[in-house]
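Work through the exercises below with the structure open beside you. Try each task before you read its solution.

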Amino acid sequence: MVAAVALSTLAVNREPPHPVWPPRPDEPRIEFVRSMRGPADIGQKPSLISRVGGWIVGTTRENVDLQKPCGVAVDESGTVCVTDTATRRVSLFDIKRKRWQWFDKFEKTSFACPVAVARRKGVLYVADSQLGKVFALANNGKPLWQIASPLRRPVGLAVTDELLAVVDSQAHQVFVFDLAGRPQFEFGRRGLAAGEFNFPTHITADRQGHLLVTDSLNCRIQVFDLRGNFVSQFGSNGDTSGHFGRPKGVAVDTLGHVYVADALFDNFQIFELAGQFLLNVGRTGRGPGEFGLPGGIAIDGDNHIYIADAYNHRLQEFRYVGRP
């Protein structure tokens, strides 16, 4: 009888398994990990000083937490960066050290609509679509430099060891700068042909020397080399797997799989670089693996996937658990 009671207790206390895709009995490829809305979700406990400071300046949990996350990036150390267009801030989640910090201005200029972010080697890059600028800040928030002209409406950022690529949705182009903010070259124009764009939104760089651009209103992903030369494309308008409604964030894992968030279908889809459809994950809702206007997406070196879930006011974390 005692053994039976103990077994029953274990059954009651056991946490339910995380959702996986595809569902069992198929072999899982993607597993839900957790949702993150604020410092408490990464284990940060406010000290007495920070609590008093928050009370003095009016900072409460409600306005520290994410409200409308938009852009996401992960740096080489695993720090997750998120823009929030409602709070007009950029938050940094150092999950390993359980530290959350945020920035809301460049010098005396407050962010108006920070939509995209990138971070590499301690430098934070922020694209503000309303101000029409890209800002570079040091780890402590110290301003480094900013880019205005020729940008009109910067909405996407990708950074490599040598280049910063900026998607401009109003210009229907990608502008490329060095890491000091000096112009190098640009590519694209408005149109339907290969290498042309119709309101591009997001961009990422993979480990094989490609830039992948979300060509949102053309409902496709275009692939370029690091000189802006067209390589390939995949996707088209449609409501079945492998097609897009309103593609947004794009990211590539260490195995070369391409992940694309779709703000219309409230899911993300996974492809081979050549465009072969592999899997879709998610649906409309508020539960784990459900979305309300997903946007930015980023993947770290351990293939943990972070997606901005705007209308659910959170960042969702998944991980790739399939075999290489």
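**Exercise 1: A salt bridge and its two ends**

Glu 290 counts as buried, at 16% relative accessibility. This is a predicted model.

Task: Find which residue forms a salt bridge with Glu 290, and classify each partner as buried or exposed.

Solution. Start with the partner: Glu 290 forms a salt bridge with Arg 283. The closest N and O atoms are 3.0 Å apart, and the cut-off is 4 Å. Next, classify Glu 290. Buried means under 20% relative accessible area, so Glu 290, at 16%, is buried. Then take Arg 283. Its relative accessible area is 56%. Exposed means over 50%, so Arg 283 is exposed. Elsewhere, Glu 27, Arg 29 and Arg 323 are joined into one network by salt bridges that share partners.

**Exercise 2: Two further pairs**

Task: Describe the salt bridges Asp 75 to Arg 119 and Arg 220 to Asp 215.

Solution. Side chains of opposite charge can pair when their charged atoms come close. Take Asp 75 and Arg 119: N to O is 2.4 Å. This pair links distant parts of the chain, 44 residues apart. Asp 75 sits in the loop between β3 (69-74) and β4 (80-84). Arg 119 belongs to strand β9 (residues 114-120). Both Asp 75 and Arg 119 are buried.

Now take Arg 220 and Asp 215: N to O is 2.7 Å. Arg 220 has a relative accessible area of 6%, so it is buried. Asp 215 is buried too, at 0%. The count for the model is twelve salt bridges.

**Exercise 3: The order of a sheet**

Task: Give the strand order of the open sheet of five strands, and say which strands stand at the edges.

Solution. Write the order: β1-β2-β29-β28-β27, with antiparallel pairing. Read off the ends: β1 (20-21) and β27 (294-299) are the edge strands. Each has a single partner strand, so one side of each lacks a neighbour in the sheet. Now look inside the order. β28 (residues 304-309) and β29 (residues 314-320) pair in the antiparallel sense over six bridges. In β29, Arg 319 is the bridge partner of His 304.

**Exercise 4: A residue in an edge strand**

Task: Place Ile 299 in its strand and list its contacts.

Solution. Ile 299 lies in β27. Its relative accessible area is 14%, so Ile 299 is buried. Leave aside neighbours within four places in sequence: Ile 299 is then in contact with Val 74, Ala 251, Val 252, Asp 253, Tyr 259, His 304 and Ile 305. Finally, check a long-range pair. Ile 299 and Gly 78 are 221 residues apart along the chain, and their C-alpha atoms are separated by 9.2 Å.

Technical notes:
Residues are numbered from 1 along each chain as its sequence is written. This is a predicted model: local features need pLDDT of at least 70, side-chain atom pairs count only at pLDDT 80 or more; totals for chains, interfaces and linings use all residues. Side-chain values use heavy atoms; hydrogens and water are left out. Two strands pair if DSSP finds at least two bridges between them. Helices (H or I, at least four residues) and strands (E, at least two) are DSSP runs, numbered from the N terminus. A salt bridge is a side-chain nitrogen of Lys or Arg within 4 Å of a carboxyl oxygen of Asp or Glu. Buried means under 20% relative accessible area, exposed over 50%, partly exposed in between (1.4 Å probe, protein chains only). Contact means heavy atoms within 4.5 Å.
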